[in-house]
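Let's take a walk through one strand, one helix and a handful of charged pairs. Have the model open alongside as you read.

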Amino acid sequence: MLLKRIKKNMRRTDVAALRLERGEDFVVTPQVENIAERALAYLEAGYPVHFCGPGGTGKTTLAMHVAAIRDKPVMLVYGDEEFGTSDLVGGPRGFSSKRLIDNFIHSVLKTEESVHAQWVDNRVTTACKNGFTLIYDEFSRSRPEANNVFLSILEEKIIVLPEILRGEVCLPVHPDFRAIFTSNPEEYAGVHRTQDALLDRMMTIELSHYDRDTEIAITKAKSGFSDRDVAKIVDIVREFRAVGMANFHPTIRACIMIAVIVSSRGGEVRADDSIFLQTCIDVLGSDTVKVKRNGVSITRDEVKRLIEKHCGTNH
């Protein structure tokens, strides 16, 4: 995915937007195309899209792909526990002063001075005012109270700002504004439970592990291995995932990591290749529950079994 900063027609104080361009290396399979088409249809109908699913299921990549197809400037926001509302919509950044000296009468000097807080828009306000596409990645890592500002943005199409700082209570949301949210399941560390009222305003698309054909296509695009070798890697990871030995079952990222590392090190997808064996053990064992047999982790034995099954002499 190619990124370009967009600053044209924006005030100096505005946050720079990005222009996303569809990358040639983005893999489109029937499963990916179906998800993207649904998301685009919801966005064009005026509804925000929420990609929800475990880490490694391509939520952010899909969000950027969909935003690139819309061909509008993009604002990226990443959820953060420390966020307050001002981190999203903006706030005072210093002060501006105005001084008026009246010496119309020669013997009288009259001076008036006023000081006002200077407001600076942040990413959400900038996107709402200019009709950009907002990608709010892992938005549930921000505290729910910080995200309350989206209730009026998504429903009433207005953004509420502090009157004392802005001199305006509400601003209309540009009709071209659209929002794409992503989130991990609530059981993930650092994830807050999202307000039901906010979820009710979104079209949620639940993502899980890709189908086999999609995982093969993506892994091949990233590694350069043959279809046959990539299929072996994918089958090993998929079967290991099904065994349920890991806290968070390995995703397409595991397939890509194994393929890229083995390729870069000059290894081969063979049962007797030490680079391939050790890479599989390191990648698949990095998030494994500490299940041991006679004091030794059984991850190595399970990985060796799967490699022999899928990469043995008869495969």
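Start with strand β3 (residues 49-52), which is covered on both faces: V49 and F51 are buried on one side, H50 and C52 on the other. Buried here means under 20% relative accessible area, exposed means over 50%, and partly exposed is in between (1.4 Å probe, protein chains only). In a regular strand, side chains alternate between the two faces of the sheet. Helices (H or I, at least four residues) and strands (E, at least two) are DSSP runs, numbered from the N terminus.

A word on what you're looking at: this is a predicted model, where local features need pLDDT of at least 70 and side-chain atom pairs count only at pLDDT 80 or more, while totals for chains, interfaces and linings use all residues. Residues are numbered from 1 along each chain as its sequence is written, and side-chain values use heavy atoms, with hydrogens and water left out.

Back to β3 and its neighbours. Strand β10 (residues 178-183) runs parallel to β3, joined by 4 bridges, and H50 has F181 as its bridge partner there. Strand β11 (residues 203-206) also pairs with β3 in the parallel sense, over 4 bridges, with I205 standing opposite F51. Two strands pair if DSSP finds at least two bridges between them.

Now for helix α11 (residues 274-285). Its 12 residues reach 16 Å from first C-alpha to last, close to the 16 Å expected at 1.5 Å a residue; the expected span is 1.5 Å times one less than the number of residues. Buried residues in α11 include I275, F276, L277 and T279. What covers the buried residues of α11 includes α9 (227-243), α10 (252-264) and α12 (299-311), with contact meaning heavy atoms within 4.5 Å.

Last, the charges. A salt bridge is a side-chain nitrogen of Lys or Arg within 4 Å of a carboxyl oxygen of Asp or Glu, and the count by this rule comes to 15. Here are some of them:

| Acid | Base | N to O distance |
|---|---|---|
| E145 | R143 | 3.1 Å |
| D196 | R193 | 3.3 Å |
| D272 | R270 | 2.9 Å |

Salt bridges that share partners also join E239, E302, R305 and K309 into one network.

How open are the residues in the table? D272 is exposed at 58% relative accessibility, and R193 is exposed at 52%. Partly exposed residues include E145 at 45%, R270 at 35% and R143 at 25%.
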